[in-house]
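Trainee: Could you take me through one part of this protein slowly, beginning with the aromatic rings and then moving to what surrounds them?

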Amino acid sequence: MNTTVAPLTPDQRDRILAAVDAQFDRQIQFTQELIRHPSLRGKEASAQDLLYGAISGRGLEMDRWELDPQELATHPGAGKVEISYTGVDNVVGTYRPRSELGRSLILNGHIDVVPEGPGSQWQRSPWDAAIVDGWLYGRGSGDMKAGLAANLFAFDALIAAGLAPLGRIHFESVVEEECTGNGSLSALMRGYTADAVLIPEPEEDMLVRANVGTIWFRVRVAGHPSHPREMSSGFNAIDAAYFVVGRLRELEERWNADKGRYRYFEDLEHPINLNVGKIRGGDWNSSVPAWCELDLRIAFYPGITADEAWSEITAALAAIEHDGSGHPISAEATATGFYAEGYVLEADSDAERVLAQGHSDAFGGAELQSFTTPGYLDGRVFVQYGDIPALVYGPISKDIHGFDERVDIESVRRITKSIALFVARWCGVEESTGRH
């Protein structure tokens, strides 16, 4: 930070913490409103409208643009696009200080949520945003609309405390985090950079130290149709698909056996996970299926490129010549979404030290803990392609991507306090001329 920026005083710290508490009911109400917009992939517009209005209402400089798949395809970090990006927008609001004396910051979060699944298996509607026993329920409550709101209300707390940040701040609400990472990448390509980025994903009140790379891909298995009365003359592509998955499981286990070679992954029980997300095949109940398609997700370690992982996947499929009964198998793979490499956040950066101080203040003196996750995070975009330290740190949640997703409300309060203090110390603050 510029040496002309004074450190945060105890009085300023206490005013910020009190300001978070004073507006917290309003913060939760806004988060509930955000949850009630089902911002599924390709249908994020109404939730982005809400955020655009909320951010612009705070007097920030606004930018909204539609993602361009052709432009993204020129970048090595882009995910593969299989949908139309018409109406698929990012929203960014920028705060510019009177004099930019402090360090700059990106407060990033994703607006897109995963499908809710059968609504009958939820205790209540996934879009009701109900509060029960200290938990806020709903699809996207933890992943990550509580975090998006926390970014905004942390900034509000500084203003309410009579303080003006001295660094430039970009508030990013991005799409495509759940499938390609192209939203954050598009923002970076548009020129939004800073000295640090904070992403309040649901991370159990901890900081992510490392996370895996991720590839989405589709495997098409060919069969030979026949009538069931003469089934032995045909070849069932759906049966063959099970055999193909078994071979991919062997690749998964080989990669897991290598975990000792990768820093921060040595002690994870099963860091590399292959998920069969969707399956479809065949044309008729009384015809032996001629085709089957599997949509899959697999992880790989930081330090391995997506191209290297993809080469191993395709080689494993090419090596399958016959199933267990001697039938020839043809299995072709196509990348369909994430094509993203993992990253490690190097320890003890200035940004981490500043966050740790805010965490201690907000959590009653507790030390900031870090952990390794076998999931995808947009932090990789900033670390790999922007050389920006990415602090992925957020509240306690349960059942994200599952039924009855929920986020712990008091954890959200504490995380909001941490973020507010991080912004104040990272960017620096001055007393607002409007303070009485």
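**Rings and their surroundings**

Mentor: Start with R124, which lies over the face of Y137 at 4.9 Å from the ring centre (a charge counts as over a ring if NZ of Lys or CZ of Arg is within 6 Å of the ring centre and within 35 degrees of the ring normal). Keep in mind that this is a predicted model, in which local features need pLDDT of at least 70 and side-chain atom pairs count only at pLDDT 80 or more, while totals for chains, interfaces and linings use all residues. Residues are numbered from 1 along each chain as its sequence is written, and side-chain values use heavy atoms, with hydrogens and water left out.

A second arginine is placed in a similar way, for R406 lies over the face of W135 at 5.7 Å from the ring centre. Both R406 and W135 are touched by S397, whose other contacts include G142, P202, E204 and V407, not counting residues up to four places away in sequence (contact means heavy atoms within 4.5 Å). S397 belongs to strand β17, residues 397–398 (helices, H or I with at least four residues, and strands, E with at least two, are DSSP runs numbered from the N terminus). With a relative accessible area of 9%, S397 is buried (buried is under 20%, exposed over 50% and partly exposed in between, with a 1.4 Å probe and protein chains only).

Now turn to the rings that pair with one another, of which a search of the whole structure finds 11 pairs (rings of Phe, Tyr and Trp, the last by its six-membered ring, pair if their centres lie within 6.5 Å, with planes under 30 degrees apart stacked, over 60 edge-to-face and the rest tilted). Take Y262 and Y301, whose ring centres are 4.2 Å apart and whose planes meet at 5°, so this pair is stacked. Y262 sits in the loop between α7 (237–257) and β11 (274–281), whereas Y301 sits in the loop between β12 (291–300) and α8 (306–318), so the pair ties together parts that are 39 residues apart in sequence. Y262 counts as buried at 15% relative accessibility, and Y301 is buried as well, with a relative accessible area of 2%.

Y301 also pairs with F265, and here the ring centres are 5.6 Å apart and the planes stand at 80°, so the arrangement is edge-to-face. This pair again links distant parts of the chain, since F265 is in the loop between α7 and β11 while Y301 is in the loop between β12 and α8, 36 residues apart. F265 is buried, with a relative accessible area of 0%.

It helps to look next at the helix that precedes the loop holding Y262 and F265. In α7 the buried residues are A237, A240, A241, V244, V245, L248, L251, E252, W255 and N256, and these buried residues pack against β10 (213–222), β11, β12, α8 and β13 (330–340).

Elsewhere, Y95, F155 and F171 form one aromatic cluster, and Y95 leads us to strand β2. This strand, residues 89–95, is mostly covered, with seven of its seven residues buried. Both of its faces are covered, as D89, V91, G93 and Y95 are buried on one side and N90, V92 and T94 on the other. Strand β1 (residues 61–66) runs antiparallel to β2 and is joined to it by six bridges (two strands pair if DSSP finds at least two bridges between them), with M62 standing opposite G93. Strand β7 (residues 169–174) is also antiparallel to β2, and five bridges join the two; there the bridge partner of G93 is F171, a member of the cluster just described.

Finally, consider some backbone details, remembering that most residues other than glycine have a negative phi and most peptide bonds are trans. The peptide bond from D143 to M144 is cis, with omega near -10°, and M144 has its place in helix α5, residues 141–160. D133 is not a glycine, yet its phi is positive at about 50°; D133 is found in the loop between β4 (131–132) and β5 (135–137) and is exposed, with a relative accessible area of 75%. D205, also other than glycine, has a positive phi near 65° and lies in the loop between β8 (197–199) and β9 (207–211), but D205 is buried, with a relative accessible area of 10%.
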